[in-house]
Structures are given as C-alpha cells and as structure tokens.
Amino acid sequence: MSDAAITPITMPKWGLSMIEGKVIEWHVEENSTIALGDEIMDIETEKIANTFEALDAGLLRRCVAQPDETLGVGALLGVLAPEETSDADIDAYITEFQANYVPPEPPEEDDAGANYEWLNLGEQKIRYLRMGEGSHNIVLIHGFGGDLDLWLFTQEPLAANASVYSLDLPGHGQSSKDVEDGSVAGLASVVVKFMDELGISSAHIVGHSLGGAIALQTAISNTDKVDAVTLIGSAGIGEEINGGYISGFVAAESRREMKPLLKQLVGDPGLVNRKMIDDILKFKRLDGVTEALIEISSGFLSGDKQTVDLRGAIADLPMPVNVIWGSEDQIIPAAHASGLPDNVTVNILDGFGHLVQLEAASDVNKLLQS
Amino acid sequence: MARKILYQEAINEALDQEMARDDAVIVMGEDVVGGTGANGEMDAWGGVLGVTKGLYGKYGDRIMDSPISESALVGAAVGAAATGMRPVCELMFIDFMGVCFDQIYNQAAKFRYMFGGKAETPVVIRTMYGAGFRAAAQHSQCLYNVFTHVPGLKVVMPSSPYDAKGLLIQAIRDNDPVIFCEHKALYAMEGDVPEESYSIPFGEANIVREGEDVTIVALGRMVTHAGKVADALAKDGISCEVVDPRTTSPFDEDTVLESVENTGRLVIVDESNPRCSMATDISSLVAQKGFGFLKAPIEMVTAPHTPVPFNGALEDIYIPSPDKIEAAVRATTDYVH
C-alpha cells in the first residue's frame, strides 16, 4: 500500500475570508483522466461562485464531495490515483484523511479584516491591503464601482514571491468618498502618492477597467516608478464603452436593477450571487458614493464613448506593457486589444467577460507572474 | 465592514450622525434625556432602554424630554415637522398609540394630501413592539399592521443592526411621516454596521438567503427565526428562500412575487395577531397576483387572536417559534393536491 501514489483534491482557499465552499457540480466523472488546469468543479463561496481548476494531474478515482455539500477549506473533494492502486487502498486513504481533517475555525472577530490598513493622503483616507514579501512590488488597481476585493483571487497567489498591494480608489470601497479630482490623471496621482507614502520606489502596476487607464497614466507620467504595466479589460485604449452599464450602475438602487447589470460583467452569469449583489448595494448606499461615481464617470466617458485615449503614448514606454482581455467582455470590447504598438503583449482569454481576473483567475495569475 | 455593533447602538449612531449632519433634526420623548429626576447629563440614561444615551451631552437642547402625554408629545412633533423641523419622537411602547392616534393617522398622515402637496410632515416616530419580556398585554403587542393600514404613513421594521441604521437614516431624511418599529428582543443583536453614514431605500425587500423550494416571508424579529429554520431544513434537503420586506409600507410586492414564482410555496411569519395583518395582506397579494405559481396552500405562522399572556409559559407558546415555522414549511412541501 503506497499513499505516495494517491493525491487528494481539496477545497481551495479563495481569498482571505474564505473558510468554506459549497460544491455546485462536478465537471468531470470518476475514472476520467484530469490534466493540469482542467475545470473540475464549480464551487460557490460567500463572495462568488467560480470554477475550480485542477492543481494536479491524474486519474480521478473517486468523487468524494457531492453537489450541494458545504465543506471547509482543505476538505477532501476527490482522490487522484493511478489505475494500479486498489480500491481498498483508496478507501483506507479516504478514511484516514477524513479522520484527520480539521475544518478551519471562523476568524476571531478582531481578526476579521485586520489585514486592511489605512493611509492618509492629505484629506483623503485610503484603504489598502498588503500581502507577501518579495524582491519586487505589484500594485493592483480596481475598476469603476469596484474595490480591492476584486483582486480576491489574484493578490494571494501573486504574494507568494512579491510584495503585493491593492487599494480602494477614492470614492470606492472603504476609502474616502470625497474624490477631489476624479479624472484619470487625478486618480493616477493618488496612486503615485500612495506608492511614495508607503516607500514603494517602483512597481509592476496592474489595472482593471478604469484601473487600467489609471495604471497606464501612472506609467506614462512616472516611467521611473513603473517596472511593468498590465492592463486588464482596460479603459483608455479605445473609444467604445458600454455607457448603459455605467449609468445603470450609478442609478441602480435595488437588487432587481443591479442584478442584470452585474450579469454583464461575466461570461457566465451564474457567477453573480446574492452576496455579490448585496455587497455592491451596501457600498452604493453609503453617503457620497453616488456623487463620487458621477464625478469619476464624467472624467473618462460621455455616453458610449470614452473621453480618455492614452494609446499614443504606449509605443514610447520603456517598460513591458501587457494587455489581458476576456473575449466576451460586454463592458469594453476585446477588440481594443488589437492594433496596439509592437511593445505590447496581448492575451485574449476565450469565453470570459469583463471580470476576467475573477472568472479565469489562474490563467490571469499565470500571465501576471510570467 | 468588519465592525460589529448592537442593534440599539446602530439606532443611536443613526440619530447621532443625522443630528450632526442636519440641525433641523431633534429628538423628543419620555426620558430620552435622562432617567426620572435626572440631574443633568451625569444622570442621563437615555430612554427606557438607553437607546438615546449620550446624545444629550452632544446636542443639548435638541434632545427634549416630554411630559408623560403621548398625545402632547406626538402632536408637538407633528407640528414641528409641518413647520420645518425633522423631529424623531419616541413613543416608548407601540401599545401607547391609542392615546395619540389622532395626531398620527388624522393629522400627520393627512397633511400632504389635504394641503395639496404644499405641506410636508417629516416626522419619525420610533417605537418598541413585540412580546417575550413578561411585560403583559399592554406592553407587548405588534401593532405595526394598524399603521400599515393608513395611507400617508410609511412603516419600517428593521430586523438587523445594519438595517436599523440605514433605515433610520432614510426615515429621518424622508419627507413623510415614518413609523419606525423596533423589536425589544433585537436591541442586543450584534451585526456588521459600516461606520460611515448610509441609507436604505424604502420598499426594497432584503433576500436574506436564497432558496429553491419554499419562500418564507418574515418580518422584524421573525427574520432571525426564519433563518434558523432555513439552516435546519437545508440539512434535510429543503431549500428555503427568506425574504424580509424591511418596510411594510411601501411594500415590495415584486420581490415576494418573484420569489414565489421561483419556489411555488409560501410561508408568512408575522408575530402579530392573525386577523387583518401583514400575514393576511401578503397572503392575499400572492393569492391574487401569484395564484398560478402556487404548488401548495399558503401557510401563515402568527400569534393567536388573543391578547399577549402575562403567564410566562403561555407567552412562550404565544410567540411564533422556529418549531412552528418548520412545521409550516413542511406542510407546504408535504402537500399533495
């Protein structure tokens, strides 16, 4: 009997706060062979539903977790083992695993969110999250109406070998709702001040959507502080934008108004769950948010047209420029990724929508690490 | 968001933030400054259960103790509202509505209508309701249904600290009279509440949890009970959707109907007496507009048609319990046509 040949598939930990996940369905059957990165099951967490991709390859001998089961992080979902391993050995392995498995404790009240930090930039209070220690720095900038939680599946993996920072832009998340200057250039200057204040001399800047335009503007005006720039479903490099989404998002007060809008953000609308809608409505109800969103949206678009175009400056940038897009993006079309200067590396991820860093987290993370 | 505070602290914080924001906001009520014979703020207790504690020290004369005359207190608040203030008055127990009801339903509720929209009455009447405290028949009732019956009043029933703060801020900013109903048993409930100010729109039900098999519409304190039942039944493979209307007037018909369209079964949990109640109201809504969705008769879990008993054992069985809710849910799933 050799346990060495048996590999467990366990409940992943997606983000800081995840302690359990609910199995929605298996995408693979028992006795099928799984390759690295294959989609093996859908899992729903408190924050979002997502597809779990195989971290190990092998023959799936046993599906242990059943649909609708809610299991703790690290719980046994399935067992990989070669054909020659006997069923008895697999049964013994499962019994032993289950006997030793301890589900994670819910975080102590004081610990919840204890990793968030705040920084004062003049009158503005900026919330940020720092993870990891590494030889280089990465700064993650979310898009319009989002917050640093949109890097839920990104920040922790990148922190394995880098110092990774995510922040709430002014008017967003738990940062001050008084945006002062809501233009792309104004928000880029907040990013630069944020880096200066934390002593980040230079960083790989990753921006999503409006955050992409801010990242690019930061790189253009501060070539010495930006080692590389990655633009995900980015604003600022083409004209078209789904203005109806933006104005609808600003105006929406109810769950029924918000749900169809959020479904436009993803290739698979099933990913939009109650908690995600609830969190966004809770943000939108805060005093000053609507005004902040109006101020910021007027700084980069007018109707269905973007008013900020930074393409002309890309060719002269000295650092690597990467562009990632979900092919099914309904907010800013993936077509904006074509026709960019030669110094830009482009990756289009098939079948995913605007929130590609959540939907195709492992693909995006690989691209960010390469 | 990680900060947790109590329901009663959430109410206090809403009052505090709105008083800081708008000088027209004033608080009036019996003992809202201090206890009987209070000697200035040192002795201040802040209402019968301490909800307004600390506000007198910050806002002085904008926190006003009233005589023990609900009719005078509510009348003064309604008059102040009609002439430009934004009073939040405290009707200590909802049971006392009887002595000030003319001021509420014939005056406050009618001004906008009778003056052709030229008058507004932005008054909030905060009031405690609900059984479970051995406080007998005159201090334990759930009379929110009576206010809901009256056009011109808005009626709010927060079921959590988050909702209590956001709905009270909305109530204070609203230009119509709002009856804000607080269940005594919820005061010690703890929950996530943002420190920043925020408002929750009226008429927007909260889907507390999503489910496929049965819709449970629960109000106020009953929302927590419904959640417990949903947890227990999930283990037996019965998936319950829990809907909290949050406001009984305006009422979010669409969310209830959409939920029943999805589940086909409806249980309404209303701590009030059963006749002419939210339970019958929601039941008639779904029977009229959602009849085709139903796979089983609508179940109602309510108190019986009797006064609240003083005897503890009787009071305990008077209040809708998780066991009764579970039985009602099972009645809808077990139903065979």
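This passage walks through a predicted model of two chains, A and B, from their domains down to single residues.

Chain A comes in two parts, domain 1 (3–100) and domain 2 (116–369). The centres of domain 1 and domain 2 of chain A, taken over C-alpha atoms, are separated by 32 Å. Ten residues on each side make the contact: 10 from domain 1 of chain A and 10 from domain 2 of chain A. On the domain 1 side, strand 5 of chain A gives the most, with three residues. Sorted by class, this side of domain 1 of chain A holds three nonpolar, three polar and four charged residues.

Strand 5 of chain A is worth a further look, together with its partner. In general, the strands of a sheet pair through backbone hydrogen bonds, and they do so either parallel or antiparallel. Strand 4 (residues 39–44) and strand 5 (residues 49–53) of chain A pair in the antiparallel sense, over five bridges. With four residues between them, strand 4 and strand 5 of chain A form a hairpin. One pair of residues helps to find the place in the structure: A:Met41 stands opposite A:Phe52 of strand 5 of chain A.

Chain B is also divided in two, into domain 1 (4–192) and domain 2 (206–334). Here the centres, again taken over C-alpha atoms, lie 27 Å apart. The contact between the domains of chain B involves 25 residues of domain 1 and 23 residues of domain 2. Several elements of domain 1 of chain B take part: helix 6 (144–148), strand 6 (154–156), helix 7 (161–173) and strand 7 (178–183) each supply at least two residues to the side that touches domain 2 of chain B. That side of domain 1 of chain B has 14 nonpolar, eight polar and three charged residues.

The two chains also touch each other, with 14 residues of chain B in contact with 11 residues of chain A. The side of chain B that touches chain A is made up of six nonpolar, three polar and five charged residues.

Within chain B, five strands form an open sheet with mixed pairing, in the order 9-11-10-13-14. Strand 9 (206–209) and strand 14 (299–302) of chain B are the edge strands, each pairing on one side only. On average, neighbouring strands of this sheet are turned by 25 degrees against each other, direction ignored. At one edge, strand 9 of chain B runs antiparallel to strand 11 (residues 240–244) of chain B and is joined to that strand by three bridges. B:Ile207 has B:Val243 in strand 11 of chain B as its bridge partner. Helix 10 of chain B lies across strand 10 (214–218), strand 13 (266–270) and strand 14 of chain B, and runs at about 160 degrees to strand 13 of chain B.

Helix packing comes next. Two packed helices are described by the angle between their axes and the distance between the axes. For helix 9 (residues 253–263) and helix 10 (residues 278–289) of chain B, the axes come within 11 Å and cross at roughly 60 degrees. That angle makes helix 9 of chain B oblique to helix 10 of chain B. The crossing of helix 9 and helix 10 of chain B is right-handed. B:Glu253, B:Val256, B:Leu257 and B:Val260 of helix 9 make this contact with B:Ile282, B:Leu285, B:Val286 and B:Lys289 of helix 10 of chain B. Six of the residues in the contact of these two helices of chain B are nonpolar, none is polar and two are charged.

A second pair in chain B consists of helix 8 (residues 222–234) and helix 12 (residues 322–334), which pack at an angle of about 55 degrees with their axes 9 Å apart. Helix 8 and helix 12 of chain B are therefore oblique to each other, and their crossing is right-handed. Helix 8 of chain B brings residues including B:His225, B:Ala226 and B:Val229 to the contact, where helix 12 of chain B offers B:Pro322, B:Ile325, B:Glu326 and B:Val329. By class, this contact of helix 8 with helix 12 of chain B has seven nonpolar residues, one polar and two charged.

Finally, two backbone details deserve a glance. Most residues other than glycine have a negative phi, and most peptide bonds are trans. In chain B, however, a cis peptide bond joins B:Ser249 and B:Pro250, with omega about -5 degrees. B:Pro250 is found in the loop between strand 12 (247–249) and helix 9 of chain B. In chain A, A:Glu180 has a positive phi, near 60 degrees, although this residue is not glycine. A:Glu180 sits in the loop between strand 12 (163–167) and helix 3 (184–197) of chain A.

Note on methods. Residues are numbered from 1 along each chain as its sequence is written. Chains are lettered from A and ligands numbered from 1 in the order in which they are written. This is a predicted model: local features need pLDDT of at least 70, side-chain atom pairs count only at pLDDT 80 or more; totals for chains, interfaces and linings use all residues. Two residues are in contact if their C-beta atoms, placed from the backbone, lie within 7 Å. Ala, Val, Leu, Ile, Met, Phe, Trp, Tyr, Cys and Pro count as nonpolar, Asp, Glu, Lys and Arg as charged, and the others, Gly among them, as polar. Axes are lines fitted to C-alpha atoms, for helices over the stretch in contact, and angles run from 0 to 180 degrees between N-to-C directions. Angles under 35 degrees count as roughly parallel, over 145 as roughly antiparallel, 65 to 115 as roughly perpendicular and the rest as oblique. A crossing is left-handed if the near helix is turned anticlockwise from the far one by less than a right angle, and right-handed if clockwise. Two strands pair if DSSP finds at least two bridges between them. Domain bounds come from an automatic or database domain assignment.
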